[in-house]
Amino acid sequence: MKSTFRSLQFINFRLWCIGALVSNIGTWMQRTAQDWLVYNELTHQDATAMGIVMALQFGPQLLLAPVSGVLADRMNRRHLLIGTQAAMALLAVGLGAMVITGTADLWHVYAFALGLGIVATLDGPARQTVVSELVRDEFVPNAVALNSMSFNVARMIGPAVAGVLVAAIGSGWVFLLNALSFIVMIGAILALRTGQLRVLPRARAGRGLIREGFAYVRSRPDIIAVLTAIFLIGTFGLNFAVFIAGMARTQFGLQADGFGVLSSVMAIGSVAGTLASARRERPRLRFIFGAGGLFGVACVLAALAPNPVLFGGALILCGLTALTVMTSANAYVQTSTEPALRGRVMALYFAIFMGGTPLGAPVVGWISDTFGPPWALTAGAASGFAAAVVGLVWYWRSQHLHLAFDRTSRFHVSIHR
């Protein structure tokens with residue numbers, strides 16, 4: 001257990017984890033309240049509308065990722081994060097005030113989702129790469145995993161709290177509580193001991209920084225394989241707001257509290273996945289692609305679940321395998337990338353991971369509306385199986401393997417380098 005939490009020996013990382021946990025709880029509370037607001041209050045259980053909200057929230061990743069990566073590599077990341085956290089707090093206050101006063105319509109949620117997506121795009125690369133400034137280099141994989149665990153512990157707590165609060169006081173007040181959580185995060189950043197921060201190489205000044213980042217990724221076939229797997233699972237597999245809302249409300253007839261509980265149940269598996277990743281000294285590609293295949297199996301089990309209890313059990317496995325993929329991929333890309341290029345590579349990582357949502361979320365929402373929520377989950381299953389195939393193809397090519405006809409072999413086919 002001690003090795004699992006070894007990065008917490010650094011006080012700056014402890015401060016960061018406290019602020020991030022509070023902020024992430026607030027963020028998951030808002031996401032759950034926003035999903036329920038769209039699905040059950042502003043529409044008549046319209047999963048397509050939920051997919052559009054997700055597309056607007058994650059769409060800016062596709063357009064602004066190169067810019068956000070350059071900012072993360074060139075600017076003081078802590079100053080950048082203070083600005084993005086403050087902007088997200090203002091957006092939460094604005095949407096919360098409109099919902100409380102009864103003036104919010106669906107298009108308002110769309111507009112705020114787009115605004116949040118723009119700010120989150122600028123926030124993401126800096127939030128991920130600043131972790132490497134808080135701990136020594138050999139602790140970075142563990143710190144990345146624990147940072148992910150903080151996110152998923154919040155994902156376990158936030159939806160359940162939001163489900164209760166939405167039923168008790170309404171969605172608008174949940175948005176205002178989320179605004180307060182960003183203030184805690186800003187306080188944690190300001191409290192960091194600057195004298196103990198690692199000084200990492202910055203990107204050079206001048207033109208061509210975006211092109212340099214793309215060229216670096218093109219030269220790394222292992223990173224390309226990881227990004228392809230992440231795109232598949234992120235686009236079609238990680239639409240659990242749509243999956244869980246559809247299964248909870250349409251399939252099982254549950255209310256807001258049931259939706260929140262199921263979201264939290266999935267996070268149990270997510271936390272288990274990040275803890276397992278944190279125990280490993282370094283991330284390995286086989287965990288990424290192997291967990292992708294198991295994620296496909298978990299989605300099939302969730303689709304076939306006949307009741308909320310078994311569905312919740314399948315969600316735990318979904319969370320465990322999904323977070324093994326995401327945490328291992330994140331740590332692998334960060335630790336295998338040169339420090340001066342890390343922000344741009346991570347920006348591309350998040351553009352592919354989260355930017356695929358505008359493509360996948362509306363499609364998955366349409367499948368849920370047209371054929372039913374279980375069929376939407378089959379899209380997630382297909383993404384996991386496809387990611388595993390990508391891993392097999394990459395391994396085959398990296399090892400220079402080929403099939404050969406062999407009369408002496410029992411099956412007349414053998415594998416050679």
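Here are some notes on this predicted model, arranged by helix, core and a few single residues.

1. Let's begin with helix H5, which covers residues 106–129. With 24 residues at 1.5 Å each, H5 should span 34 Å, and its end C-alpha atoms lie 35 Å apart, so the two values agree. If you follow H5 along, look for a kink of about 30° at Asp123, shortly before the proline Pro125. H5 is also largely enclosed by the rest of the structure, because 18 of its 24 residues are buried.

2. Helix H2 (residues 47–58) makes a good companion to look at next. Its 12 residues reach 17 Å from the first C-alpha to the last, close to the 16 Å expected at 1.5 Å a residue. H2 is mostly covered, with nine of the 12 residues buried. Among them are Ala47, Ala49, Met50 and Gly51 towards the start of the list, and Val53, Met54, Ala55, Gln57 and Phe58 also belong to the buried set.

3. Now for the nonpolar cores. The largest has 89 residues, and the members that touch the most others are Val226, Phe240, Phe311 and Tyr349. Helix H14 supplies the largest share of this core, 11 residues. A second, separate core holds 26 residues, including Cys17, Ala126, Val140 and Leu192.

4. Phe311 deserves a look of its own. Which residues does Phe311 contact, leaving aside its neighbours within four places in sequence? The partners of Phe311 are Ile244, Met247, Phe252, Leu262, Ala302, Ala305 and Leu377.

5. Thr321 sits in helix H14, which runs over residues 308–335. Is Thr321 buried or exposed? Its relative accessible area is 3%, under the 20% cut-off, so Thr321 counts as buried. A polar atom of the Thr321 side chain lies 2.8 Å from the backbone oxygen of Leu317. Not counting residues up to four places away in sequence, Thr321 touches Ala291, Leu294, Phe295 and Ala298.

6. If you are wondering about cysteines, a search of the whole structure finds zero disulfides. Cys299 is in no disulfide, and the nearest cysteine sulfur to it, that of Cys318, is 4.3 Å away. A disulfide here requires sulfur atoms within 2.5 Å, so the 4.3 Å between Cys318 and Cys299 does not qualify. Both residues are hidden from the surface by the numbers: Cys299 is buried at a relative accessible area of 1%, and Cys318 is buried at 0%.

7. Two glycines round off the list. Gly163 is placed in helix H7, residues 140–169, and at 3% relative accessibility Gly163 counts as buried. Gly163 and Gly260 are 97 residues apart in sequence, yet their C-alpha atoms are 4.7 Å apart in space. Apart from neighbours within four places in sequence, Gly163 is in contact with Ala256 and Asp257.

8. Gly195, in turn, lies in the loop between helix H8 (171–191) and helix H9 (209–218). Its relative accessible area is 76%, over the 50% cut-off, so Gly195 is exposed. Gly195 and Ala386 are 191 residues apart along the chain, and their C-alpha atoms are separated by 46 Å.

Technical notes: Residues numbered from 1 in each chain as written. Predicted model: local features only at pLDDT ≥ 70, side-chain atom pairs only at ≥ 80, totals over all residues. Heavy atoms only, no water. Helix = DSSP H or I, 4+ residues; strand = E, 2+ residues; numbered from the N terminus. Expected span 1.5 Å × (residues − 1). Bend = angle between axes of the 7 residues up to and from the residue. Buried < 20%, exposed > 50% of the residue type's maximum accessible area, 1.4 Å probe, protein only. Polar contact = N/O pair within 3.5 Å; in protein donor to acceptor, adjacent residues only side chain to side chain. Contact = heavy atoms within 4.5 Å. Core = buried A, V, L, I, M, F, W, Y, C linked by side-chain atoms within 4.5 Å.
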